[in-house]
2 protein chains.
Amino acid sequence: MPVVLTHRPAMPMAHVDEPCASCAARPFSVCNAVPDEDLYHLAAVAEEMTVPAGEEFIVEGDAATHFFNVTGGTVRLFKSLADGRRQITGFAPRGHFLGLAVSDNYGFSAEAVDNVRICRFRRSRLRGLLDDFPALEKRLLETAGNELVAAQEQMLLLGRKSARERVASFLLAQARTCGTQKPPCTQSMIPLPMTRSDIADYLGLTIETVSRTLTQLRNDGVISQVGVSGVSVSNRVALETAAGRL
Amino acid sequence: MPVVLTHRPAMPMAHVDEPCASCAARPFSVCNAVPDEDLYHLAAVAEEMTVPAGEEFIVEGDAATHFFNVTGGTVRLFKSLADGRRQITGFAPRGHFLGLAVSDNYGFSAEAVDNVRICRFRRSRLRGLLDDFPALEKRLLETAGNELVAAQEQMLLLGRKSARERVASFLLAQARTCGTQKPPCTQSMIPLPMTRSDIADYLGLTIETVSRTLTQLRNDGVISQVGVSGVSVSNRVALETAAGRL
DNA sequence: CGTTGTGTTGATATTAATCAACAAGTGTGG
DNA sequence: CCACACTTGTTGATTAATATCAACACAACG
């Protein structure tokens, strides 16, 4: 039962149930890409919904009917091979857009890591939306460019870095997300909210290699307190060296 | 000595030397993203130049002063590690845009594969350009989305495919470029205009492994006539199977 | 208190990298 | 026109890295 977005609940529109709490409160929501006075128009075409943890709400190859914005939680994006091998191409946090490519079918799958809220639009209305809200188009272009940079960085990691370099790079990247993390982490505590399996599928390694490499980094005094859901950095310089920083 | 773009050489503007041949003649040029009557305005901010084969005209880490469109030839995009390991993230043919990301420094390097012509703008003027030419912005958004899809596909290849699957996938991808190739190739002839070193750095392999894998595919009767600059497909189904098609 | 999911560690196998030799093509200067 | 160096590609032998197979630890949960 989708909830239609609006900041003007008093307007006499069909499908308007309640103010869009996520748009009002969350700085990275899709709604923040359009002026306040335009939110009313968005209400007619957008719907917000909850996706329970673990559910795959975009299936690679399915008809690309919608365009999404993550308004809460984190989404796992991945591609699969016939025999089950999986490559996670990224984790989309609150604020990220999904399904931008002009294609009849989704080129990836998306799964809710935790309980996720998404705001979605029919793709058939995307063109009109962008024409109506130039700010949204600029926002999309900006994020697409940044995602492209991240993708290139990941290609370097997957194609040319050793297991140790991959894990160290991943830890540093995770450390950079500290600011946006719900429990804001300290300088030296790196959160690892995802499973080893997710980390492995993101880094193009096996879970065993990820585990062994973390152990090795701990034995080398680079990190300490290796736990399931986080590690603490003992030697930041050594970690950066291990990551193969240019 | 940059040549400023214009389709109206008679206009009394500074820096207008000659009509922009590439924009007039080439269907994928940046200029085709804007209406004919607007080309005149582009002339004031765009400059076209030739890059000799092998020259690195974008260096990773340098100040991101410009935004590029490839108007002729092919460009090799890559990222490097300190010890020289290199990952080619893509080959940009005529029509591709480079330097989209909002960042102070280029996140990649770019090198001319053959003699290349590029049309470039100062990044400081990009914002204004996009405001003036909405068609350009739509075009950029579209290509960025498609590049993101290609990048995800490449992440799957680099993270999860075997050497044989990588090479087979690459051959199929090359086959798909036939339509846009200068010497238009037949159904079964796949051009390999780049060196083995380029292929290796694109697939995250060594040149030896690329060479061996091509030999193996030939011995298996999947391809035949393996030459330096192209191969012929003997068994398309076997090639697709080898690529690990979903 | 067993069961299940997740993570760690060990032993072994496999893949692709590395090191090395050589062949084929290209350009240069004598 | 022919040595010559130089680049690019192929093939072989060996090594190193990571995957695979397997056992076990531990926590969450019924």
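# Close-ups of two chains and two DNA strands

**View 1. Around DNA strand D, α7(B) is the biggest giver.** With six residues, α7(B) gives the most to the surface near DNA strand D. Keep in mind for every view that this is a predicted model. In total, 17 residues sit around DNA strand D, and A:Ser162, A:Thr209, B:Arg196, B:Ser211 and B:Thr215 come nearest. Both chains chip in here: α7 of chain A, along with α6 (196-203) and α7 of chain B, are the elements that give two or more residues to this surface. What kinds of residues are these? Six are nonpolar, seven are polar and four are charged.

**View 2. Around DNA strand C, α7(A) takes the lead.** Here α7(A) gives the most to the surface near the strand, with six residues. DNA strand C is surrounded by 17 residues, and the closest are A:Arg196, A:Ser211, A:Thr215, B:Ser162 and B:Thr209. Look for α6 (196-203) and α7 (207-219) of chain A plus α7 (207-219) of chain B, since these are the elements that give two or more residues to the surface near DNA strand C. Sorted by class, the surface near DNA strand C has six nonpolar, seven polar and four charged residues.

**View 3. Chains A and B are related by a two-fold axis.** Turn chain B by 180 degrees, with 0.0 Å of shift along the axis, and chain B superposes on chain A with an RMSD of 0.0 Å. That is just the relation of a two-fold axis. Now for the place where the chains touch: 33 residues of chain B are in contact with 33 residues of chain A. On the chain B side, β6 (86-92) and α4 each supply at least two residues. Which element supplies the largest share of the side of chain B that touches chain A? That would be α4(B), with 18 residues. By class, the side of chain B that touches chain A has 16 nonpolar, eleven polar and six charged residues. The copies meet through the same surface, because 100% of the interface residues of chain B are also interface residues in chain A.

**View 4. Four strands of chain A line up in an open sheet.** Their order is β3-β8-β5-β6, and the pairing is antiparallel. Which strands stand at the edges? Those are β3 (56-58) and β6 (86-92) of chain A, and each has a single partner strand, so one side of each is left without a neighbour in the sheet. From one strand to the next, the twist averages 35 degrees. Zoom in on β5 (residues 75-80) of chain A and you can follow six bridges joining this strand to β6(A), with the two running antiparallel. To pick out one pair, find A:Arg76, whose bridge partner in β6(A) is A:Phe91. Two helices also pack on this sheet. One is α6(A), which touches β5 and β6 of chain A and makes about 105 degrees with the direction of β6(A). The other comes from the partner chain: helix α4 (residues 134-160) of chain B touches β5 and β6 of chain A, and its direction makes about 130 degrees with that of β6(A).

**View 5. Strand β8(B) pairs with β3(B) and β5(B).** Strand β3 (residues 56-58) of chain B is joined to β8 (residues 109-112) of chain B by two bridges, and these strands run antiparallel. In that pairing, B:Glu56 has B:Glu111 of β8(B) as its bridge partner. Strand β5 (residues 75-80) of chain B also pairs with β8(B) in the antiparallel sense, over four bridges. Find B:Phe78 and you will see B:Ser109 of β8(B) standing opposite. Here's a handy tip for strand views: in a regular strand the side chains alternate between the two faces of the sheet.

**View 6. Helices α5(A) and α7(A) cross.** Two packed helices are described by the angle between their axes and the distance between the axes. The axes of α5 (residues 163-176) of chain A and α7(A) come within 10 Å and cross at roughly 80 degrees. These helices are therefore roughly perpendicular to each other. On α5(A), A:Ala163, A:Arg164, A:Val167 and A:Ala168 make the contact, and on α7(A) the residues include A:Thr209, A:Val210 and A:Leu214. This contact has six nonpolar, three polar and one charged residues.

**View 7. Helices α6(B) and α7(B) pack together.** Their axes are 8 Å apart, at an angle of about 100 degrees. So α6(B) and α7(B) are roughly perpendicular to each other. Among the residues making the contact are B:Arg196 and B:Ile199 of α6(B), together with B:Ile207 and B:Ser211 of α7(B).

Definitions and conventions: Residues are numbered from 1 along each chain as its sequence is written. Chains are lettered from A and ligands numbered from 1 in the order in which they are written. This is a predicted model: local features need pLDDT of at least 70, side-chain atom pairs count only at pLDDT 80 or more; totals for chains, interfaces and linings use all residues. A residue is near a molecule or strand if its C-beta atom, placed from the backbone, lies within 6 Å of it. Ala, Val, Leu, Ile, Met, Phe, Trp, Tyr, Cys and Pro count as nonpolar, Asp, Glu, Lys and Arg as charged, and the others, Gly among them, as polar. Copies are superposed by least squares on the C-alpha atoms of residues with pLDDT of at least 70 in both. Two residues are in contact if their C-beta atoms, placed from the backbone, lie within 7 Å. Two strands pair if DSSP finds at least two bridges between them. Axes are lines fitted to C-alpha atoms, for helices over the stretch in contact, and angles run from 0 to 180 degrees between N-to-C directions. Angles under 35 degrees count as roughly parallel, over 145 as roughly antiparallel, 65 to 115 as roughly perpendicular and the rest as oblique.
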